[in-house]
Structure formats: C-alpha cells, structure tokens
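Let's take a walk through this structure together, with the model open beside the text. We will go from sheets to single residues, and then across to the second chain.

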Amino acid sequence: MIHSLFLINSSGDIFLEKHWKSVVSRSVCDYFFEAQERATEPENVPPVIPTPHHYLISVLRHRIYFVAVIQSEVPPLFVIEFLHRVVDTFQDYFGVCTEAAIKDNVVVVYELLEEMLDNGFPLATESNILKELIKPPTILRTMVNTITGSTNVGEQLPTGQLSVVPWRRTGVKYTNNEAYFDVVEEIDAIIDKSGSTITAEIQGVIDACVKLTGMPDLTLSFMNPRLLDDVSFHPCVRFKRWEAERILSFIPPDGNFRLLSYHVSSQNLVAIPVYVKHNISFREGSSQGRFDLTLGPKQTMGKSVEAVLVTSQLPRGVLTANLNPSQGTYTFDPVTKMLSWDVGKINPQKLPSLKGTMSLQAGASKPDENPTINIQLKIQQMAISGLKVNRLDMYGEKYKPFKGIKYMTKAGKFQVRT
Amino acid sequence: MDFREEQIARLLNSNIVRGTASDEQWVQLITDYFLTAPVEVSPLSGSDSESDSPDTDSSPQTTDAEEDEDTTEEQPLLNDPVAETLQSVRHYVSEDSAQEIERARDYRCSCTFNDGVPCYTRYTPAEMVKRRDQMNEMTNEASFPAVSSLFPDVVNCMQTDNLELKKLVYLYLMNYAKSQPDMAIMAVNSFVKDCEDPNPLIRALAVRTMGCIRVDKITEYLCEPLRKCLKDEDPYVRKTAAVCVAKLHDINAQMVEDQGFLDSLRDLIADSNPMVVANAVAALSEISESHPNSNLLDLNPQNINKLLTALNECTEWGQIFILDCLSNYNPKDEREAQSICERVTPRLSHANSAVVLSAVKVLMKFLELLPKDSDYYNTLLKKLSPPLVTLLSGEPEVQYVALRNINLIVQKRPEILKQEIKVFFVKYNDPIYVKLEKLDIMIRLASQANIAQVLAELKEYATEVDVDFVRKAVRAIGRCAIKVEQSAERCVSTLLDLIQTKVNYVVQEAIVVIRDIFRKYPNKYESIIATLCENLDSLDEPDARAAMIWIVGEYAERIDNADELLESFLEGFHDESTQVQLTLLTAIVKLFLKKPSETQELVQQVLSLATQDSDNPDLRDRGYIYWRLLSTDPVTAKEVVLSEKPLISEETDLIEPTLLDELICHIGSLASVYHKPPSAFVEGSHGVHRKHLPVQNSSYDKKCRCRPSSERQVFLATWKDIPNENELQYQIKECHLNADSVSGKLQNNNIFTIAKRNVEGQDMLYQSLKLTNGIWILAELRIQPGNPNYTLSLKCRAPEVSQYVYLTYDSVLKS
C-alpha cells in the first residue's frame, strides 16, 4: 500500500513529507527529479516512475507534485485516486491548495493525512467524516481555540463512519431547507481545418448543494433519461432503482457533492455552439504572417454565448503579433507564444473578429506547425445534450424544501485545428 | 495569525530544521510547546539569568530562595533536557508539587501528582495555550533539546483526556519508539489501558498506534489487546484491528501465525459490517504477498457470497480490495461466473476510477468462462465499453493508467472498443505520455472501416511540435499500411506528402517506415524510389540512412545510378554507425550481383574497407563471408544474398498471447502499466504466483488439435523461463513402444518431437504443443528400455491444463 507521500513544488523542493510505514529517505525523489528534468513541460512528467526499490506515482495539481511512494504491487489508479482525494480535501479545508496554504496549515495537514491513511490503507476520506474528526480552520475557530484553549480535533467517533450511509452525518439541522442542482455540461470537440467536426462528446455532471434537515430521501427524475447511458454515480445513488426505473433515488450527503457524472458519446450527434473562421498563414520568404479570426454562434438554441475566451499557441518563430480585435482585449506573451483573446459575449448581429499581422524572426523560415485554437465559452440555462430534469421529490421528512435547478453548458477541451 | 502557524513559519526559515517540516519536526514543535515550556529561560542559556529574570513575576510563585538553591543544585545537569524541563515546570506548580517533581526526576515514569494526573497535563488547555503564546514571543533565540530525550515526559502525557494531545503523543511514539526501545516499554500500560477505554475512537487509536511501533518488546504486549479489539463490539475498532494484524505480520510474521490472528482475520470475512469485511480482505491480501502460502483466504462459494454482499455497501476503497480479491477466484462453472459478473457490473458506474478498473478486471477474467454465443456474453461486452471511455475523461494521470490497460484489452478483445476509435484521437494539449499511448491504441483499432479517419488524424499529428510524437505518428502511418492492406496505397501517398514537407525528422522517419512497407508489399510501390532518392543528402540519422541504403541495394536493378548513390555513402564509411556499415556492405554486394560488370571496383573497395580497415568483428566476418562467396561460387552467393525474404506482419508488436493472458489477470495493477508479469519486477515477492485466465474445461479436446511449434533454443529458453513449481509429472503405464514409434505416433497427432537424446540408456523425447487459445505446453517423455511405464513431465504456464494434456498423451499412445 502507500508508504510515503512527498509534496514537491514547481522549483523542485520537497516541502512536506509524510510516512505511514517506515521512513523512506527523501533521496528516492531523485528519480522523480530526473524524470522531471527530461520532461519538456511540467505536465509531461510520467505518472508512474519505477526506481530500484520503490515505485513513484505522482499527480500534478495546482502546480504541486504529489508523489506517493509504494513498494509492492498496488493498483496505480487506487493511488492516483487517493492523491486526488488528498488534494480535494486540502482544497476543501483551506479554500485553495497552494504551497503557502499547506505550509500555513501544516499541523492540520498532518492531522488530516494521519486520519486519511492507516498503514497505507485509506481510513477516512469522505469530507463529511473528516470534518467531524478534524474541524477545518476558520478565523473564528482559530480565535476561539486561542482563547478557550480547545482544539480542532473532534472527540467523538464520527457517526457516519459505520452507518449504512457513511456519507451523511446524523442530526443535521437547517432553518432554511434547500436543495440546488447544477447540470453542467462540457463539450469536448476537435474541429478540423474546414470546420467539420472530427470528434465531439459531452462530459456532464450534476453537482448538488443540499442543505436539508434530518435524513431526507430524494428522487430525481429526468424528462429524457435515455441520454444517460454512460454514468458514474455518487455512492449514495441506489443503482438498482436506476437500472429498473431510470430514476435517481438517494439519501444525499450534507452540503456540496457531485451526484452524477455522465458522458454522451461521440456516436450521438453533438451540437457545436460556435463556429470559427480562420486564416493563419505565413508566406515563404517573408517575415510577416497574416492572422484573421472570426467567431460566430452555430447551434445555441437561441441562448447567447458568453465568457468566450480564445487561446492559441502560436509557432515558436513568431516574435510579435499586431492584432486588432473588434471587441474584447487580447494579449500575446512573447515568451510562451501564447495568444489569448478575451472576447466576452458573442453578438450574432456583429460577429467578433481578431485581425492583423504577426512578425517572424528575420530570416526565419516558414513555421512547420499549424497553431490549434482553443475556445472556452459558457451558455447559461441550457444543457447542450438536451438533458432536462423532470421533478425532484422528497420523502422521509415532513417540511417542504426549496428546490432549484440550473443548467449550464461550457466548452471543455474545444479545439479548432488550422 | 494562529500562533502555531507563526511558529512553524519561523521554524521553517530557521536553521533548526532543514527548511521543511516533516513529521519529526512537527512533533518537535508540539513537544516543544507542551513540554519545554521555559517561558522565562531558554533551556540552554544557563540558569544564572533565570534567577535574575524579572519575568518570573508572571509565573506562579516560587520563592527566590528555593530558586537559587535549585540553580546550584542543578548546575551540573544543565545539559540534561529532562532536568531542564522539570526545572522549568516548577515555575507553574505549587511548592508541594515542586518537591514531587524533584522526586520524579529519579522516577521519571511515575511522575504524578496527588490526584493522579501526570504533571504536565495539570494545566488546563487554556493555560497551555497561554504558555505557548508567551513562548512564541520568547523563542527568537531558543534552541530546543534533542527531541528523543524527552521520551519519558511525553509518555507521561499519554493519559491525558485531551484528544489532540493524545494523538500527538501517539504520533511522537511512532516516530521515536525505535530510537529508545527500553523507554517505549513504559508506554505499554497506557496502551493496554486505552484499548479498554469506553470511547471506541480511543480504543481504535490505541491499537492502531501500537501496531505502528516497531519494537519487539511492545509487540509482545500488543497481542492481548489486539485479540480483544478483533472481537470488539464496535465495528470501527474491529476494522482498525484488522489492519493492525497486517502491520504486526510485517514486524513479526511468526507471531501472527502462532497467535492465530490469521484465523481471526478469516473469521472477520463473515462480519456483519461491510467495512470490517473489506479491511479484513485488504489485510489478508497484503499478508499473502509476503506469505509462503499465498492462498490465505479460502475462496469458496460461501466466502465469495459474503464478499459480494459486502461489496455493495462498503466504501470505495473497500470495493477495490474486494474486487481484487474476487478476481483471484475461479468459478466452477459458467453459471457461477455469470452470477458473479451480474453482481459486479454495477461497479462499472462508480465515480472512483480505480473501482471501475478493478471491476473491469473481474469481468474480463470471467468472460473467458462464458459461452461466446450466449446473450449475456454479448451484453457484457457492450457494457464494458462506456466505462472505459469514461475513464478517458478523467485527469491525465488516470487517463494514462487507463490507456495502458485499454491497450491490453483491445489486444485481447478488440470488439469491445472497435466503435470508439474517436475517443483516442489526440488533443493537442494532452500530456505527451497520454498522446503516445493514444496513438498506439489507434493503430491497434485501425481497420478498413475507419482507416481514412485514422490516416487523416495521423497526418495532422505529423505537423505537431513535439518531435517524439511526430516521429511516432509517422511510424504509425507505416504500421497502418502493414496492418490494413487495403489502405497501403493511401498510407504511401500520405507518407509521400509528408516527405514533401522537407521537415528533416519527418522525412527520415518516413523513409524508415517505407522500407518496412517495401518488405511487406514487395514490387508494388517502387515508383516512389525516385522521390526518396531526392532526399538522400538530408538523411543524418543512422536508422534513416540504413533504410535508404537497404532500399537502394534491394532495388538496385531499377535505379540507374545506384552505384553512384552507394558510392557516395562509402566516402565516410568509417564514421558511419555499425548498422549503416553492415547495410551498406550488403547493399553493395547485392548491387554487384545484379550489375556485375560496372561495379567490380566498388565491391572491391567496400570489401577491403570492411575486412582490412575495420575493428568491428561483425563487419569483418560478414565482409569475409561475402568475399569468399563471391570469389568461389557466385551462383550460391546470389542464392544467399538475393534470397527471398519472409514478409513482415503487424504481429511483431503484439504482446505474446500467454503473457497477454497473464496481464489481463493483472488489469489495474502496476504489471498492467509496465506490460510485464509481476514476477519480473516486484521485489521480494516470493509469494507471487502467476495468475492465469480460467479455461472452459469442456473445450480441451478441441484445443489439443495443436500446431507444431518451437525450435530447440526456444524450447530450452521457455523451459527455463517457466517456474519449476509448474512442472508436473505423470506416469504413462503399460505402453510397449520404442522411442521412434512413440514419436511417430505422436507426430500423427500433431505433437512434434523437437529433440531426442539418450541419457544413461534412457531415451528422452522433447516435445512442444500449443493449444489454440495460445497456451504453450512443453513435454519431456522419458522412456527406459524394457520398462513399459514412461515418465511424462509437463511444464506450462497454466499448470491446470497439464492433466488434460496427460490424458491426451495417454490415449494417443495407447490407441
């Protein structure tokens, strides 16, 4: 199982280590540093690195490498999932997961790591349970602790730990009972030069924020459940009921959680909300290149496309870009060659465009590579797959909760090749 | 800002610690807060200042006189941190207690006050916090005593009611017990006491910590509390105790056996709480890794049923342990396999990718047992595809592991993902390790139906920035050409387009793959040679140069200026790599055999370069062979050098079927990431037994229609490679044949004799056969003249088939 954990920042310093079994010398990380040196980009460090006596499994999140050391045959995904859980927990506790936040809260960090793993076996990883064991630091609590001398370690065995619903604690009370569900869909797509779709798929999630008293039992039904043929559920969802009736029936965790994530595959027809007209070209023998980009809405079902951000990695030979946006602002980083254009909202009457010239190094030959255009966008009040929630019912409690549902579509990895 | 945060920040910057905070330092901090609380004096700064210090006012009253006395008394002990601690503590306690402490210095472990509370926890938490705050102001120049020397004092704190302090003390013990084993024994009583605390949290904490203290003496005392905790009424304690058995086994395996803890663990499999079951399974599987008998958990249908019940209710991590355990089970028939599959399938919809992949492993393994024409088999295949696709929408690290596993799955059962090739298309900002894996899988899935799409993608990739990826993309085009015959022409024209880009490394890589295409489709695409020759000068990598030279030599009769081209390479002959030199030598000899009249001089030149001026024995030998062949028997030379070459096929990059089957049993593990069997790389795993896919018993008869295979060396190598415990011996009785007729008889039944030898009057026959499902069986048949009983030794990676092979032998020989 998991032996040790090292946290390494982007400049290659080990700033935290934790051992669950015997101590593993930090020199084991030298193998990681070697791999890091070989990788051109920070994200290109391979996740599994063998060393003579150990295996290093790492994830990169928030510019911090979480490197787990294992000694025997352990499922790597198990380790990776656990590391992600550690990151999520830190984020949950400290708001952000940065080197500074971890160093500031080093005591809580150690207390958490000690609770999450015992002898390499995961112990308590549900945020509900952890929060009962170790209370998250807040300004108020810090002050209270300082004055009264009380600690942030819970004294009681968390109630949820062993019940049939380990994700929910008992005795939850709210004055306002509310349940909100966000249906968020991300479109991953590759569009080729000519504008036709090579692949397009939708990654959707339903994130919930449930603040309900007691032990409510919810059911959520959809207008068109057939869309959901590839789903991953939160452990609270009763799978049998879904199989039989296509209804989500569950006792929700308290607070924020991801109820469901789903995937609408490339075999279904996926609507592409925007189109891009582009002309990025370099002439042989000239140190100038042309850049011409126009965006327009495509299949948006009448909703407006907002928060559009266009980024593109221009060829290495490009020195400067002199462009003229019809709306929004653009920046070009001459070091990373990253062009980024913050478009804002697309007005169908007046399509946004970015036109101008790029200059190359004098005497440099025409670049070989074609830049890819990355698009981020948001469409409110619409799930692009067409998924619609039919109704939400609550059983087991008497009060009437306030219910809300929101839809949103975003671009995930939306790439246009030129 | 919290005082602790500040303190830590300060420590982080100071020279006291190395610049980072580890467990040790954390405990150091904590201990410092709680135990070395000299607010007025920094411990090592000498006690003279102590008596003068005006700050003493703030502390509980002690008389000046006593203080002075103390200083003189304590003088020689100043460097003893315990003494200092005790001394400093005096500031906060009453006079009575001060005397008590004085005594306590001699009886450190029994330092308690009248009310039985250890001295340092006499302070209320609020007081302690105050102390710490004060200390924080003072610590600018403080230096702390060696942490491990505080051991007795820390142990005294164990009996506190403050849970945080207790946790810290436990943490401290885990770190330092090893350095002071004699002292650690002092903690035993408290542990034993805590193991009976009314609060289950404390019981669990105590047994958990005790297992982490790797001191033999402590371990002895652990057994009784552990036994109790394994039967505790609270499941939380039971599940912690289960893990503790694994810890204990790591420290002292013999003791765990002797004390019967393994049986207790097995009993926990039947526990009513799913979490306890899961942890017991996890502990058992960890123990079995280092246990000589790897079959600790008896997987019988009852146990399997318990596991399946627990599977639905335990946490995600527990599900992983249980699924991994299930995958070791061999169902007795297809009905059982199907019912397990039905209960495992819902796990495919789990949000945790590790659970999904473990479930995939179980299903992939049990699929073997299901009849291929059944409806359920096909439904299951369909169900496997979406979760695998979903794994690819996870974080890049998850994608990587998923892709390595999918690579195995598409080789074993390409039908699962054949519709999904698009999800393997590369996004330009994928990390390079994801890109390379996706590419590999794309080629494996390429078929006539999707080749156009695949080629368009590959061509796109060939214009990307990353050189390694571009090279692999170009190579992939070549592999497509070899794999999908109908697409060869398209691939070649794509490659030609790429050569036109004149990007150096693209051209070179393209030429290397075109050579392979020529090997696969001889005499089909020679028209492009002219284009290739245009790029001759730009080739600077040995691979590409060798490929080009090979092409020129192979098609010398169609290239008018072949001699000129090859001559141009000859100029820097000695600077070339061996690979290029060898190819060049062969190419010129080919050219000479095809056009003897014009190239005599050239061939002389290269032969003398190779034989006289070269230090490389390979090159020299090849040179001499050609030279003698050419000078003695040109006809034979032609036969040898210009012989027809076997075609190459795409099979070359597939994983060998037996290995693939073994890896399928290890889906989700490190083995599946490295594509190597665990025995090849997991250290110290003497307990690792090779896993095999289950086989449908009924089909053995059919499968024994095997093909002849293996040559002597292969036989020998394979024989050595298979572990000895896989060798099984059988007696074939009452058979009156001699060695030759035996071998003849077997040959008629497609079992071929590879070698035969006579050892001490016995005839030994070596035979090999391969079942249609890819399992190799090696056989040694010993025949003693005059003895009608033959000995048959069978060696095979899947020893469970040996029995059936023996039956086949028996029936063949007696027929």
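In chain A of this predicted model, five strands make up an open sheet, and reading across it gives the order β2-β1-β5-β4-β3, with antiparallel pairing. Which strands stand at the edges? They are β2 and β3 (48-50) of chain A. Each of these two has a single partner strand, so one side of each is left without a neighbour in the sheet. From one strand to the next, the twist of this sheet averages 20 degrees.

Start at the β2 edge. Strand β1 (residues 2-8) of chain A pairs with β2(A) in the antiparallel sense, and 5 bridges hold the pairing. If you would like one pair to look for on screen, try A:Leu7, whose bridge partner in β2(A) is A:Leu16. The hairpin that these two strands form has 5 residues between the strands, and there A:Gly12 takes a positive phi near 85 degrees.

How many residues of strand β2 (residues 14-19) of chain A are buried? The count is 6 of the 6, so the strand is largely enclosed by the rest of the structure. It is worth holding two points about β2(A) side by side: in the sheet it has a single partner strand, and yet 6 of its 6 residues are buried. The cut-off for buried is under 20% relative accessible area.

Now move to the other edge. Here β3(A) runs antiparallel to strand β4 (residues 55-61) of chain A, and 3 bridges join the two. A pair to pick out is A:Val48, which stands opposite A:Ile57 in β4(A).

Let's step back to the domains. The assignment for chain A gives domain 1 as 2-148, domain 2 as 178-270 + 384-416, and domain 3 as 274-380. Domain 2 is thus written as two segments, 178-270 and 384-416. Taken over C-alpha atoms, the centres of domain 1 of chain A and domain 3 of chain A are separated by 39 Å.

Further along chain A comes another open sheet, this one of 4 strands in the order β14-β15-β20-β17, again with antiparallel pairing. Its edge strands are β14 (274-282) and β17 (318-325) of chain A, each of which pairs on one side only. The twist here averages 15 degrees from one strand to the next. At the β14 edge, 9 bridges join β14(A) to strand β15 (residues 288-297) of chain A, and the two run antiparallel. Within that pairing, A:Ser281 has A:Arg290 in β15(A) as its bridge partner.

Two backbone details in chain A are worth a look. A:Arg246 is not a glycine, although its phi is positive, at about 60 degrees. This arginine, A:Arg246, lies in the loop between α7 (239-245) and β12 (247-250) of chain A, and with 30% relative accessibility it counts as partly exposed. A:Ala307 also has a positive phi in a residue other than glycine, near 45 degrees. A:Ala307 is found in strand β16 (residues 305-313) of chain A, and its 43% relative accessibility makes it partly exposed.

Over in chain B, helices come into view. Two packed helices are described by the angle between their axes and the distance between the axes. For helix α13 (residues 216-230) of chain B and helix α16 (residues 261-268) of chain B, the axes come within 11 Å and cross at roughly 15 degrees. That angle makes α13(B) roughly parallel to α16(B). The crossing of α13(B) past α16(B) is left-handed.

Next, find B:Val389 in helix α22 (residues 375-391) of chain B. This valine, B:Val389, is buried, at 4% relative accessibility. B:Val389 and B:Ile406 are 17 residues apart in sequence, and C-alpha to C-alpha they are 9.5 Å apart in space.

Finally, the cysteines. How many disulfides does the structure hold over all chains? The number is 0. Why is B:Cys314 without a bond to B:Cys325? The sulfur of B:Cys325 is the closest cysteine sulfur to that of B:Cys314, but at 12 Å it is too far for a bond. B:Cys341 is likewise in no disulfide, and the nearest cysteine sulfur, that of B:Cys665, is 14 Å away. As for their surroundings, B:Cys314 counts as buried at 6% relative accessibility, and B:Cys341 is buried with a relative accessible area of 0%.

Methods: Residues numbered from 1 in each chain as written. Chains lettered and ligands numbered in written order. Predicted model: local features only at pLDDT ≥ 70, side-chain atom pairs only at ≥ 80, totals over all residues. Heavy atoms only, no water. Buried < 20%, exposed > 50% of the residue type's maximum accessible area, 1.4 Å probe, protein only. Pairing = 2+ DSSP bridges. Domains from an automatic or database assignment. Disulfide = S-S within 2.5 Å. Axes fitted to C-alpha atoms, helices over the stretch in contact; angles between N-to-C directions. Parallel < 35°, antiparallel > 145°, perpendicular 65-115°, else oblique. Left-handed = near helix turned anticlockwise from the far one by under 90°.
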